[in-house]
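Biologist: Could you take a close look at a single part of this model and set it against the chain as a whole? A connected account would serve best.

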Amino acid sequence: MKALTECLIAALENGERAVLCTILASSGSSPRGAGARMAVFADGSTVGTVGGGKVELLAAQEALEVLRGAKTRVRAFCLAPEQVASIGMICGGNVTIYYQLLTAQELPKLHKMLAALNTDANSWLYLKIADGTVEEFEILGEEAAKEKPDLFTSRAVLQKGEPLIYAEPLMLAGRVYVFGGGHVGQALVPVLASVGFRVTLYDNRPELADKAHFPQAEEIVCGPYDAITVTPTENDYVVIMTPGHQGDFALLSQVLRRKTRYVGCIGSRHKIARTQQLLREAGITEEAIASVHSPIGLPILAETPAEIAVSIAAEMIQCRAESR
């Protein structure tokens with residue numbers, strides 16, 4: 001979303017126009033859900049995706065028509081099994097796509113959107129669409145969520161009727177703290193960043209706590225494990241992968257005294273058992289100890305650092321989806 005917004009801003013500042021295709025609603029087995037986006041430019045190039053396949057091809061073609069006709073529109077694609085043959089799809093479901101023509105007039109809103117995407121605070125995109133035209137295009141924060149909690153939620157919401165009301169979370173507060181910049185950490189950070197997690201890499205070794213090793217990390221911190229210099233919140237994820245159980249224990253004994261969304265710790269069964277015993281002796285509750293994902297990651301028989309990184313990222317994606 002951030003890269004797409006940056007591309008739109010660059011094009012509009014260059015005097016170009018673009019069409020933003022947004023899935024407002026989906027059902028059944030459609031390939032992408034509400035909030036998926038694709039920007040289409042005058043030369044036919046695109047950024048982002050609304051699901052691929054024939055639907056995306058048709059969406060890109062219709063976006064160019066919108067660009068030429070300068071009129072927005074809402075289009076529903078039916079992917080029901082008995083009707084998909086006409087567009088060459090095999091998955092069932094329905095997708096509603098909104099085509100929004102963007103010009104330099106929308107630059108202030110896009111800059112506000114980009115600022116929201118760079119801030120660790122909850123924010124939402126709000127559209128009010130009447131007769132196919134956007135009457136309101138706003139970036140809203142926590143105050144809006146308090147006023148209309150049923151509309152501004154952790155998932156996209158479409159209120160049908162005239163006008164159409166659409167609200168979608170742009171940014172949900174929270175980041176990932178990866179403690180340990182070894183081989184698995186170096187494999188994990190780019191995977192997490194590629195699926196929308198904002199990552200802080202923390203290591204007590206200056207030679208590893210280096211941006212050169214972790215270009216996709218938003219923040220690099222070099223500090224001790226026994227007195228960490230960051231403060232994870234209830235919205236944050238913690239991944240612990242130090243070289244030994246003493247480092248794991250030092251981190252867990254601090255992290256488990258506060259509420260976080262996810263805590264995972266890598267290690268062998270022997271290392272895990274030893275760490276758990278130390279935590280009990282330190283007064284950490286059994287409930288807190290049991291909350292740690294250890295062994296970490298989904299059980300996919302991962303062996304290499306890259307495979308382990310995929311299993312950890314998958315578990316965190318699952319945790320993120322379940323918490324919405």
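Modeller: A residue counts as buried under 20% relative accessible area, as exposed over 50% and as partly exposed in between, with a 1.4 Å probe and protein chains only. By that rule, 47% of the 324 residues in the protein chain are buried. This is a predicted model, in which local features need pLDDT of at least 70 and side-chain atom pairs pLDDT 80 or more, whereas totals for chains, interfaces and linings use all residues. Residues are numbered from 1 along each chain as its sequence is written, and side-chain values use heavy atoms, with hydrogens and water left out.

The C-alpha trace of the protein chain spans about 70 × 45 × 40 Å along its principal axes. Its secondary structure consists of 9 helices and 14 strands, taken as DSSP runs numbered from the N terminus (helices H or I, at least four residues; strands E, at least two). Of the contacts (heavy atoms within 4.5 Å) with a separation of 6 or more in the protein chain, 59% join residues 24 or more positions apart.

The part chosen for the close look is an open sheet of 5 strands, with parallel pairing and the order β12-β11-β10-β13-β14; two strands pair if DSSP finds at least two bridges between them. At its edges stand β12 (219–222) and β14 (262–265), and each has a single partner strand, so one side of each is left without a neighbour in the sheet. On average, neighbouring strands of this sheet are turned by 15° against each other, direction ignored. Within the sheet, β10 (residues 176–179) runs parallel to β13 (residues 237–240), and 4 bridges join the two. Val-176, for instance, has Tyr-237 of β13 as its bridge partner.

Helix α9 lies across β10, β13 and β14, and runs at about 160° to β13. Such angles run from 0 to 180 degrees between N-to-C directions of lines fitted to C-alpha atoms, for helices over the stretch in contact.

The loop between α8 (286–290) and α9 (305–323) contains Ile-300. Ile-300 is partly exposed, its relative accessible area being 47%. Leaving aside residues up to four places away in sequence, Ile-300 touches Glu-307 and Ser-311. From C-alpha to C-alpha, Ile-300 and Ser-311 are 6.7 Å apart in space, with their positions 11 residues apart in sequence numbering.
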